[in-house]
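Visitor: I would like a guided walk through this model. Could you show it to me and take my questions as they come?

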Amino acid sequence: MRVLRRALGTLLVLGAVSCTAAHGDDAGAGDDPPAALTPFERLLPAPVSAHAAGPGYSFGPGTVIRTGPGAGEEVRRVGELLAEQLRGPSGLPLPVIGGARGDGIRLRIDAAADGVGEEGYRLVSGPSGVDLVARTPAGLFRAGQTLRQLVPVAGPGTVPGGTVTDRPRFAHRGAMVDIARHFFTLEQVKRYVDQLAQYKINTLHVHLTDDQGWRLAIDSWPRLAEYGGAGEVGGGPGGHWTKDEYRELVAYAGERYVDVVPEIDMPGHTNAALASYAELNCDGKAPPRYTGTKVGFSSLCVAKERTYEFVDDVLGELAELTPGRYLHIGGDEAHATPAADYAAFMDRAQEVVARHGKTVVAWHQLASARPAAGAVLQYWGHDRTPAADRSAVVAAAKAGHRLILSPADRVYLDMKYEAATKPGLSWAGYVPVARSYSWDPGAYLAGVPESAVLGVEAPLWTENVATRAEWEQMAFPRVLGLAELGWSPQAALDWTAYSRRLAAQAPRLDAQGIGYHRAPDVPWAR
């Protein structure tokens with residue numbers, strides 16, 4: 001995986017957008033600058049419907065956030081977090097108070113709200129304030145993230161008048177980070193959660209283990225983290241998270257309505273575990289720790305019963321720590337495991353996941369074995385993937401398995417933008433921003449209907465991504481395209497319109513200190 005590895009003449013949304021709103025704070029470039037866009041036209045991801053109409057709301061020192069009577073503690077928390085997010089750039093006090101009457105930003109749950117689903121919302125702005133209405137607290141949170149884009153970057157200012165009605169196209173909109181090849185701290189991953197959540201990404205997949213490192217403490221097998229975690233690519237010191245740190249990430253992400261999906265890769269990509277415990281090796285001998293970048297050479301011992309005790313212990317502890325429904329068990333590049341052994345191992349590993357009350361996610365190689373009922377397959381193939389591999393995935397989808405699409409030559413964030421990009425890899429080809437955005441998940445795999453696509457996910461592998469600066473350079477701005485592909489209606493997917501909206505995000509990215517790649521195919525402000 002790691003080494004095999006539509007001008008603006010059309011509306012950016014399904015509803016008509018009136019151009020009566022003020023242009024706001026973004027600067028433009030060239031003959032067709034981003035500043036030509038109205039605030040509603042700049043929204044990213046593109047909403048289902050946006051109509052600018054009438055005067056807006058003056059966002060300033062007197063603004064309050066109202067959570068309404070009887071709103072409940074969760075809605076109150078959404079209001080408090082929104083206030084925190086808006087205070088940062090604006091410097092305004094933004095108190096959060098109860099009661100639905102009065103000017104301000106008003107949050108309201110309406111179980112009968114039409115056209116928004118479980119994560120969608122309706123935003124209505126006028127002189128007296130901004131109403132955020134949703135069926136669920138998650139929808140209110142997503143509405144708040146849209147409001148953040150309508151508020152001037154430096155605030156205070158005017159929230160343009162109008163209405164946005166919105167809901168996601170796909171349920172799963174994810175990003176993955178590999179902390180096994182190079183170790184990253186909890187604080188850096190929490191920073192990524194905030195960066196992702198403001199663009200309506202709702203899943204963080206964390207690749208916790210690989211040949212080079214084991215990054216989570218497991219009480220029943222302590223040497224996994226203590227010894228197996230003490231290294232990384234290139235021979236650095238590595239590191240691992242404690243269980244409390246993992247719990248902190250899960251809680252932090254949960255407050256932002258981002259589910260954490262942990263991955264323990266198996267039966268391959270397991271050298272860190274094999275080095276930690278000799279008994280997991282068929283010959284009873286522990287190999288040395290590994291600091292290179294090759295893949296496919298390691299395997300748990302399929303014949304040993306002790307292997308399945310290990311799998312049960314590890315996945316059991318991880319399931320207890322993880323409130324979400326999914327556990328990812330890898331299953332890719334198990335070249336050192338014979339096909340029959342691979343199938344037998346994955347049968348038992350899937351049984352363990354089910355026994356602990358979770359649903360399996362695995363890389364698409366599971367399609368060549370026996371995916372358990374309900375198992376989700378994550379497809380990381382690309383334009384050169386053999387037809388037989390694609391056929392197996394299509395067959396699994398037709399058999400009822402949902403797919404997460406992560407095509408390596410589109411959304412692998414560790415792929416170079418161009419030859420001169422440093423860092424990054426290029427085994428799947430170069431992936432400029434336009435290529436990363438210009439595909440339709442609902443029609444990507446021939447023979448797979450859109451109904452079989454659970455969603456999309458952008459992985460960031462870290463063989464040669466070792467710092468926060470490198471991480472953000474490779475992820476941004478491509479992960480924003482992934483966010484739009486996962487959320488926005490198919491009719492809104494147009495590269496020309498998207499590139500201008502992406503360029504209009506630059507002041508926000510700059511204000512947040514995100515070191516993004518200024519791609520030449522995007523009309524950035526000068």
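Visitor: How many residues does the largest nonpolar core have?
Guide: Keep in mind that the model is predicted. In soluble globular proteins, nonpolar side chains tend to gather in buried positions. Those with the most contacts inside the largest core here are Leu132, Leu147, Tyr192, Leu204, Trp214, Trp241 and Phe310. The size of this largest nonpolar core is 145 residues.

Visitor: Which helix gives the largest share of this core?
Guide: The share in question amounts to 8 residues. The helix that supplies them spans residues 305–321 and is H7.

Visitor: How many residues are in the second, separate core?
Guide: Met176, Ala408, Val431 and Trp461 are included in that second core. Its total is 10 residues.

Visitor: Let us turn to the sheet. Which are the edge strands of the open sheet?
Guide: The open sheet has 7 strands in mixed pairing, and their order is E1-E9-E6-E7-E5-E3-E4. An edge strand pairs on one side only, which here applies to strand E1 (49–52) and strand E4 (96–97).

Visitor: In which sense do E3 and E4 pair?
Guide: Strands of a sheet pair through backbone hydrogen bonds in one of two senses. Ile65 stands opposite Val96 in E4. Strand E3 (residues 65–66) shares 2 bridges with E4, and the sense is parallel.

Visitor: What angle does the direction of helix H1 make with that of E5?
Guide: Helix H1 (residues 73–90) packs on the sheet, where it touches E3, E4, strand E5 (104–109) and strand E7 (129–134). Between the directions of H1 and E5 the angle is about 150°.

Visitor: How far does H1 reach from its first C-alpha to its last?
Guide: With 18 residues at 1.5 Å a residue, the expected reach of H1 is 26 Å. Its buried residues include Val75, Val78, Leu82 and Leu86, and Gly91, with a positive phi near 70°, follows the helix. The reach in the model is close to the expected one, at 25 Å.

Visitor: Which residues of strand E9 point to one face and are buried?
Guide: Side chains alternate along E9 (residues 162–166), and Thr163 and Thr165 point to the face where they are not buried. E9 pairs in the antiparallel sense with E1 over 4 bridges and with strand E6 (residues 121–126) over 5 bridges. Ser49 stands opposite Thr165, while Ser125 stands opposite Gly162. The buried set on one face of E9 is Gly162, Val164 and Asp166.

Visitor: Why does Glu263 count as buried?
Guide: Glu263 lies in strand E14 (residues 259–266). It touches residues including His205, His207, His328 and Trp363. The cut-off for buried is under 20% relative accessible area. Glu263 counts as buried because its relative accessibility is 0%.

Visitor: With which side chain does that of Glu263 make a polar contact?
Guide: The two side chains come to 2.9 Å in this polar contact. The partner of Glu263 is Trp363.

Visitor: How many residues of helix H14 are buried?
Guide: H14 (residues 495–503) is mostly covered, and its buried residues, among them Trp495, Tyr498, Arg500 and Arg501, pack against helix H11 (433–437), helix H13 (478–487) and helix H15 (506–511). At its start, a side-chain oxygen of Asp494 comes within 3.3 Å of the backbone nitrogen of Thr496. Out of 9 residues in H14, the number buried is 8.

Definitions and conventions
Residues numbered from 1 in each chain as written. Predicted model: local features only at pLDDT ≥ 70, side-chain atom pairs only at ≥ 80, totals over all residues. Heavy atoms only, no water. Buried < 20%, exposed > 50% of the residue type's maximum accessible area, 1.4 Å probe, protein only. Polar contact = N/O pair within 3.5 Å; in protein donor to acceptor, adjacent residues only side chain to side chain. Contact = heavy atoms within 4.5 Å. Pairing = 2+ DSSP bridges. Axes fitted to C-alpha atoms, helices over the stretch in contact; angles between N-to-C directions. Core = buried A, V, L, I, M, F, W, Y, C linked by side-chain atoms within 4.5 Å. Expected span 1.5 Å × (residues − 1). Lists of a residue's contacts leave out its neighbours within four places in sequence.
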